[in-house]
Amino acid sequence: MGFDNAYEALTEGQDDARWAFGTGFEDPLSGVDTTLPDGVDGADLAAYCVMLGDDALIMSHRLQQWCTWLPELEEEVAVANIALDLLGQARLLLTRAGAADGGGHGEDYYAFFRPEHEFRNVRLVELENGDFAELVTRLLVFSTWRLALLDRLRVSRDPVLAAIAAKGVKEITYHRDYAAQWTVRLGDGTDESHRRMRAALEAVWPYVDELFTAHPVEQRLAVQAAEGNGDGARGGDHDTAPAVAIDPGTLRSEFDDVLAQVLKAASLERPEVAPIPGVAGKLGRDGVHTEAMGYLLAEMQSVARAHPEGRW
Amino acid sequence: MTSTRHHDVVADARAAAETVTDPELPMLTLADLGVLRDVDVVDGRVIVSITPTYTGCPAMDTMRDDLVRTLHEAGYDDVEVRTVLHPPWSTDWISEEGKRKLAEAGIAPPGAAPSPQQGPVPLTLEPAPSPMIMNTSGPMWSESVHDHGRGGGSAVRCPQCGSPDTEEVSRFSATACKALRRCRSCTEPFEHVKEI
């Protein structure tokens, strides 16, 4: 006791060291059977969970940065809750990754001690925050895409991933509705709010195509199903055998339908802007990020790196 | 005989675990909330299974600590708390007793949860009336009661005066599991455990 600053308590040697309510986290998958399903490549499954976990973690961080900046108290509470849901998903997915690849890494390693090129999130989530219209637009795009993805992952061949997805679907349904309602309110609101929504759509849309571009890991885990249960025991039903992953390209039509429905109600149009290309064809899933990412990580990881023995 | 004895041991451990209350809703036990999924005793070790209400629920670790402490105090030295993710928690698991206690505490209990479906999740586009927008908006923002996520079920009643004429102020409240509403009859704001 008698610390000079609050963070020093993090390195206190006691087993139950706690410096605030909600700290002292244990393994969020404690007691969950994390055995690899037959025929599933542990390294690929881990890489896939890192991708989905990083999307949630980095999006959550950008939403957390909105705290105290939102236009009214209800939005403060809403955005903080959405960020918390995504942080919870990130914790489970990154812990799943650590268990799947056998490397023994916990969630803190993934969040705080990886360099930029090891983060596998799509670039959409790392972009600098803009105005409230930009928050609404990015959240609409992100949650529409992620809801479609998690909805299909509810039957993933990995039961842990399936359980995380089933829980996430319930949460993201609320996130998408929240963003969609604000899109309508702003798009069909005043001239100024309409103008800002149009500008936000044009800023966000160049990063949409990337969401539907499959990384080789996603491709492998998505087709593994078709061939996967080829041990003959299942006879002719291998066509319906669940895959571990989903090829994000298959989500595009649902995404386009939902966005068309929302934009129409909001008197907005889908912008005609070119996608932002990657670097030599490499995208966020390959560990190639935008300039904003380094600054984001520097902030997000600073406390953990300054106190590497700390417990949270 | 042995199995009867085992049954008694499990029942006693379960009774102890069922006294533990939720850190955020202390009027409810974890059993009322449907968070306590199972209690078993294996080789003298009490194994308690709990499930999170929301993925990011920060109270999970406190629940775990409270369960271990309570069982220790009840004389069980060897206690393990396990997380169960599947099937995901639903507000349908809140007991009738739990719903009654929520209403008594001024929190509107949830209605029936939407049933899980195959295929795309439908979008809810009707705007929730907002205190900021309500007075300046056009006909788009109707005055009717919107019962988001309630699948056409009955309206959320005000826990203070019982009126069904209530509106959603924000779909998110002080904890992830609650929405913020307001009663148009008595004008009191109140929280509502939203259906998932």
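# Questions on a predicted two-chain model

From the N terminus on, chain A of this predicted model reads α-α-α-α-α-α-α-α-α-α-α.

Colleague: How many helices and how many strands does chain A have?
Modeller: The element pattern of chain A, taken from the N terminus, is α-α-α-α-α-α-α-α-α-α-α. No β entry appears in that pattern. The secondary structure of chain A comes to 11 helices and zero strands.

Colleague: What pattern does chain B follow along the sequence?
Modeller: Chain B mixes both element types, with four helices and seven strands. Read along the sequence, the pattern of chain B is α-α-β-β-α-β-α-β-β-β-β.

Colleague: Of the contacts in chain A with a separation of 6 or more, what share comes from residues 24 or more positions apart?
Modeller: Chain A has 312 residues, and buried residues make up 56% of them. Among contacts in chain A with a separation of 6 or more, residues 24 or more positions apart account for 81%.

Colleague: And what is that share in chain B?
Modeller: Chain B has 196 residues, of which 49% are buried. For contacts in chain B with a separation of 6 or more, the share from residues 24 or more positions apart is 52%.

Colleague: What area do chain A and chain B bury between them?
Modeller: The contact takes 50 residues of chain A and 50 residues of chain B. Carbon and sulfur atoms carry 61% of the buried area. The total that chain A and chain B bury between them is about 4,200 Å².

Colleague: Which residues of chain A lose the most area to chain B?
Modeller: Three residues lead on this side, and together they make up 18% of what the chain A side buries. They are Lys167(A), Tyr174(A) and Arg185(A).

Colleague: Which residues form the salt bridge between chain A and chain B?
Modeller: The count between the two chains is one salt bridge. Its closest N and O atoms are 3.1 Å apart, which counts because the cut-off is 4 Å. The partners are Arg171(B) and Asp177(A).

Colleague: Which element gives the most residues to the side of chain A that touches chain B?
Modeller: Across this interface there are 13 residue pairs in polar contact, with both residues at pLDDT 80 or more. The elements of chain A that give two or more residues to this side are helix H2 (73-100), helix H4 (132-153), helix H5 (159-187) and helix H9 (252-265). With 18 residues, the element that gives the most is H5(A).

Colleague: By class, what does the side of chain A that touches chain B have?
Modeller: This is the side to which H5(A) gives 18 residues. By class, it has 23 nonpolar, 11 polar and 16 charged residues.

Colleague: Is Arg252(A) buried or exposed?
Modeller: Arg252(A) has its place in helix H9 of chain A. Beyond residues up to four places away in sequence, Arg252(A) touches Val208(A), Asp209(A), Phe212(A) and Arg270(A). Its relative accessibility is 18%, and the limit is under 20%, so Arg252(A) counts as buried.

Colleague: How far apart in space are Gln219(A) and Gly249(A)?
Modeller: Gln219(A) is in helix H8 (residues 216-228) of chain A. Gln219(A) is partly exposed, because its relative accessible area of 40% falls between the limits of 20% and 50%. In sequence, Gln219(A) and Gly249(A) are 30 residues apart, and in space their C-alpha to C-alpha distance is 9.9 Å.

Colleague: How far apart are the C-alpha centres of the two domains of chain B?
Modeller: The domain assignment gives domain 1 (1-92) and domain 2 (106-111 + 155-195) of chain B. Six residues from domain 1 and 10 residues from domain 2 take part in the contact. The C-alpha centres of the two domains lie 29 Å apart.

Colleague: Which residues of domain 1 of chain B lose the most area to domain 2?
Modeller: The area buried between the two domains of chain B is about 590 Å², with 73% from carbon and sulfur atoms. Between these domains the count is zero salt bridges. Together giving 75% of what the domain 1 side buries, the residues are Leu25(B), Tyr54(B) and Thr91(B).

Colleague: What is the relative accessible area of Thr91(B)?
Modeller: Thr91(B) lies in the loop between strand S3 (79-83) and helix H4 (96-104) of chain B. Leaving aside neighbours within four places in sequence, Thr91(B) has contacts including Lys99(B), Pro110(B) and Val193(B). Thr91(B) is buried, and its relative accessible area is 0%.

Terms used. Residues numbered from 1 in each chain as written. Chains lettered and ligands numbered in written order. Predicted model: local features only at pLDDT ≥ 70, side-chain atom pairs only at ≥ 80, totals over all residues. Heavy atoms only, no water. Domains from an automatic or database assignment. Contact = heavy atoms within 4.5 Å. Buried area = accessible area lost by both parts, 1.4 Å probe. Salt bridge = Lys/Arg side-chain N within 4 Å of Asp/Glu carboxyl O. Polar contact = N/O pair within 3.5 Å; in protein donor to acceptor, adjacent residues only side chain to side chain. Nonpolar A, V, L, I, M, F, W, Y, C, P; charged D, E, K, R; others polar. Buried < 20%, exposed > 50% of the residue type's maximum accessible area, 1.4 Å probe, protein only.
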